[in-house]
Amino acid sequence: MKVYGKNVFNEVKNNLSSIRKVYISNNFNDKDIIKFIQDNKISYSTIDHRKMDSMVDGKHQGIIIDINEYEYVDYHSMLEDRVVLMLDHLEDPHNFGAIIRTCEAAGIKSIIIPKDRSVTVNSTVMKTSVGALENVNIAMVNNLVNVIKDFQKNGYFVYSADMGGDNYKDIDFGDKVVLVIGNEGSGISRLVRDNSDQIVAIPQFGHVNSLNASVAAAILIYGIVNK
């Protein structure tokens with residue numbers, strides 16, 4: 001997987017074994033990064049800046065890093081966490097990256113995503129999360145409903161965010177929480193909704209009653225951790 005940018009390099013350099021190769025442009029002038037690459041004997045090539053533009057879809061800042069594919073964790077390792085976030089077929093990598101940053105800032109270390117019809121950890125997610133991914137675990141599962149039931153058996157209350165639910169400010173959240181954020185367009189799926197313990201909503205007073213998924217997640221996450 002090719003990721004890019006100075007901040008991303010400073011994130012992945014903490015795991016040297018994951019770096020396959022680094023590409024730097026012929027006018028790259030970050031001496032600290034160049035010194036780190038050389039001191040740690042990381043394989044690298046210097047290539048034309050314009051050629052790098054065709055290697056990735058985004059502003060690479062003169063550095064592209066070829067790394068191993070992201071390693072997802074087993075969700076069972078999350079069964080001792082107080083708060084776990086579940087994303088019900090989220091599709092936008094920028095939303096995913098922003099949500100990872102919010103989780104890291106709020107002390108939430110576990111996120112669950114489905115295997116199919118969902119954003120995965122890709123270069124855009126890594127760049128948007130700006131280092132937070134190093135401190136957050138992501139699990140990819142085959143069936144969200146089966147995982148929800150497993151968490152419920154282990155004492156978790158599952159709260160799904162959707163319009164028409166109960167005001168999150170009025171809820172006495174349980175000691176062990178799974179918070180589900182739905183798809184940007186369609187919200188949470190019917191089966192996830194039917195298997196949730198409670199539907200929660202953010203009160204809105206404007207003319208456009210819709211919040212970006214990452215914004216809604218941030219509001220609810222802090223509503224839970226601050227209870």
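**Figure 1. I19 and its bridge partner in the sheet.** In this close-up of a predicted model, I19 has I67 of strand 4 as its bridge partner. Strand 2 (residues 19-25) and strand 4 (residues 63-67) pair here in the antiparallel sense, over 5 bridges. Step back a little and you will find an open sheet of 4 strands, with the order 1-4-2-3 and mixed pairing. Strand 1 (2-4) and strand 3 (44-47) are its edge strands, each pairing on one side only. On average, neighbouring strands of this sheet are turned by 25° against each other, direction ignored.

**Figure 2. Helix 2 on the strands.** Helix 2, made of residues 31-39, lies across strand 2, strand 3 and strand 4. Helix 2 runs at about 140° to strand 2.

**Figure 3. A salt bridge between strand 4 and strand 2.** The side chains of D66 and R20 meet in a salt bridge, 3.7 Å from N to O. This pair links distant parts of the chain, with D66 in strand 4 and R20 in strand 2, 46 residues apart. How accessible are the two partners? D66 is buried, with a relative accessible area of 13%, whereas R20 is partly exposed at 44%.

**Figure 4. Two further salt bridges.** The structure holds 5 salt bridges, and here are two of them, starting with D48 and R50. The closest N and O atoms of D48 and R50 are 3.4 Å apart. D48 is partly exposed, with a relative accessible area of 31%, and R50 is exposed, at 67%. In the other pair, R193 forms a salt bridge with D162, and their closest N and O atoms are 2.5 Å apart. Because R193 lies in helix 7 and D162 in strand 8, this pair ties together parts that are 31 residues apart in sequence. R193 counts as partly exposed at 33% relative accessibility, and D162 counts as partly exposed at 25%.

**Figure 5. Helix 6, its cap and its surroundings.** Just before you follow helix 6 (residues 144-153), look for N143, which caps the N-terminal end of this helix. A side-chain oxygen of N143 lies 3.0 Å from the backbone nitrogen of V145. Which residues of helix 6 are buried? They are L144, V145, V147, I148, D150 and F151. An α-helix has 3.6 residues a turn, so residues three or four places apart point the same way. The buried residues of helix 6 pack against several elements, including strand 5 (83-87), strand 6 (110-114), strand 8 (157-167) and helix 7 (190-194). Helix 6 is followed by G155, which has a positive phi, near 90°.

Key:
Residues numbered from 1 in each chain as written. Predicted model: local features only at pLDDT ≥ 70, side-chain atom pairs only at ≥ 80, totals over all residues. Heavy atoms only, no water. Pairing = 2+ DSSP bridges. Helix = DSSP H or I, 4+ residues; strand = E, 2+ residues; numbered from the N terminus. Axes fitted to C-alpha atoms, helices over the stretch in contact; angles between N-to-C directions. Contact = heavy atoms within 4.5 Å. Buried < 20%, exposed > 50% of the residue type's maximum accessible area, 1.4 Å probe, protein only. Polar contact = N/O pair within 3.5 Å; in protein donor to acceptor, adjacent residues only side chain to side chain. Salt bridge = Lys/Arg side-chain N within 4 Å of Asp/Glu carboxyl O.
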